[in-house]
Amino acid sequence: MLLAVIAACEIFFWVFLFGGLLLRYALRARRASTVVLFLVPLADLALVIATIVDLAGGATANWTHTLAASYLGFSVGFGHSIITSMDRRFAHRFAGGPKPVKPPKYGSEKARYEWRLFGQAAAAICIALAFLFGAILIIHDPARTMAFKPQIISLISLLGIWAAFPISYTLWPARPRQSREAR
């Protein structure tokens with residue numbers, strides 16, 4: 001049941017996002033687009049409510065609950081930048097807006113870009129961890145929340161691995177490759 005709710009929330013996220021942007025740029029219905037785009041975070045709220053209701057109803061935590069926590073963290077941590085990026089693409093495609101800027105490839109700009117992504121990942125993981133720890137505290141039954149422990153370890157490990165990217169670009173900035181003739 002919870003897996004279906006997660007899938008529905010993901011589908012609604014994209015339907016609301018694309019629908020809102022199509023209304024805004026293709027159909028020029030700015031007010032309607034604002035209403036539809038306002039619905040995007042409601043998909044996350046529905047997932048939180050469904051997960052809490054399931055756990056409060058006596059369900060033992062399993063991989064679907066950890067997936068819900070991870071999805072929620074990702075959606076909140078990266079959602080704004082996804083929406084902003086898609087908005088720029090739609091503005092360029094349908095409203096004559098400027099071409100979207102590509103991420104930097106080299107130097108300190110690349111390092112700053114990687115640190116920003118790491119910040120979003122850290123926010124996403126902290127939200128997922130807060131949800132998992134909150135559920136552990138509220139349920140207060142280690143037998144029912146045992147499935148959360150491997151996910152907590154995985155999320156913390158993922159954050160450590162993700163940190164390697166901005167650190168490496170800071171310590172060893174990427175440089176453009178030299179052409180064969182320049183060597």
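This is a stop-by-stop tour of a predicted model, with a selection to make at each stop.

**Stop 1: the rings of helix 1**

Start by selecting F12 and F16 and showing their side chains. The structure has eight aromatic pairs in total. In this one, the ring centres sit 5.6 Å apart and the planes make an angle of 20°, so the pair counts as stacked. Both residues belong to helix 1, which covers residues 2–26, and a spacing of four residues puts about one helical turn between them. Add a surface and look at F12: its relative accessible area is 43%, which makes F12 partly exposed.

**Stop 2: the rings of helix 4**

Now select F90 and F94. Stacked, tilted or edge-to-face: what is the arrangement of F90 and F94? With centres 5.5 Å apart and planes at 35°, the pair is tilted. These two lie in helix 4 (residues 63–95), and here again the spacing is four residues, about one turn of the helix. F90 is buried at 10% relative accessible area, while F94 comes out as partly exposed at 32%.

Keep F90 and F94 on screen and add F13, W14 and F18. Together, the five form one aromatic cluster. Then bring in R93, which lies over the face of F94, 5.4 Å from the ring centre.

**Stop 3: along helix 5**

Select residues 107–139, which make up helix 5. Try a ruler on the end C-alpha atoms: they are 48 Å apart, in agreement with the 48 Å expected for 33 residues at 1.5 Å a residue.

Two salt bridges are counted in the model, and helix 5 is the place to look for both partners of each bridge. For one of them, select R112 and E109, whose closest N and O atoms are 3.9 Å apart. Three residues separate R112 and E109 in the helix, about one turn. R112 is partly exposed at 46% relative accessible area, and E109 is partly exposed too, at 42%.

For the other, pick E114 and K110. The closest N and O atoms in this bridge are 3.0 Å apart. E114 and K110 are four residues apart in helix 5, about one turn of the helix. Buried or exposed: how do E114 and K110 count? Both are buried.

Don't hide K110 yet. Show Y169 as well, and you'll find K110 lying over the face of that ring, at 5.0 Å from the ring centre.

**Stop 4: just past helix 5, and a look at R28**

Step off the end of helix 5 and you land on H140, which has a positive phi near 50°. A bit of background helps here: most residues other than glycine have a negative phi. H140 lies in the loop between helix 5 and helix 6, and its 69% relative accessibility makes it exposed.

Where else is there a positive phi in a residue that is not a glycine? Jump to R28, with a phi of about 60°. R28 is in the loop between helix 1 and helix 2, the latter covering residues 30–38. At 56% relative accessibility, R28 is exposed.

**Stop 5: T145 in helix 6**

Go back towards H140 and carry on to helix 6 (residues 142–145), where T145 is found. T145 has a relative accessible area of 3%, so it counts as buried. Which residues does T145 contact, setting aside neighbours within four places in sequence? Select A61, A135, I136 and I139 to see them.

**Stop 6: P173 after helix 7**

Next, select P173, in the segment after helix 7 (148–171). P173 is partly exposed, at 30% relative accessible area. Add S108: the two are 65 residues apart along the chain, yet their C-alpha atoms are separated by 6.6 Å. Leaving out residues up to four places away in sequence, P173 touches G107 and S168.

**Last stop: cysteines**

Finish by selecting C9 and C126. How many disulfides does the structure hold? Zero. C9 is buried, at 4% relative accessibility, whereas C126 is partly exposed at 46%.

Technical notes
Residues are numbered from 1 along each chain as its sequence is written. This is a predicted model: local features need pLDDT of at least 70, side-chain atom pairs count only at pLDDT 80 or more; totals for chains, interfaces and linings use all residues. Side-chain values use heavy atoms; hydrogens and water are left out. Rings of Phe, Tyr and Trp (its six-membered ring) pair if their centres lie within 6.5 Å; planes under 30 degrees apart count as stacked, over 60 as edge-to-face and the rest as tilted. Buried means under 20% relative accessible area, exposed over 50%, partly exposed in between (1.4 Å probe, protein chains only). A charge sits over a ring if NZ of Lys or CZ of Arg is within 6 Å of the ring centre and within 35 degrees of the ring normal. The expected span of a helix is 1.5 Å times one less than its number of residues. Contact means heavy atoms within 4.5 Å. A disulfide is a pair of cysteine sulfur atoms within 2.5 Å. A salt bridge is a side-chain nitrogen of Lys or Arg within 4 Å of a carboxyl oxygen of Asp or Glu.
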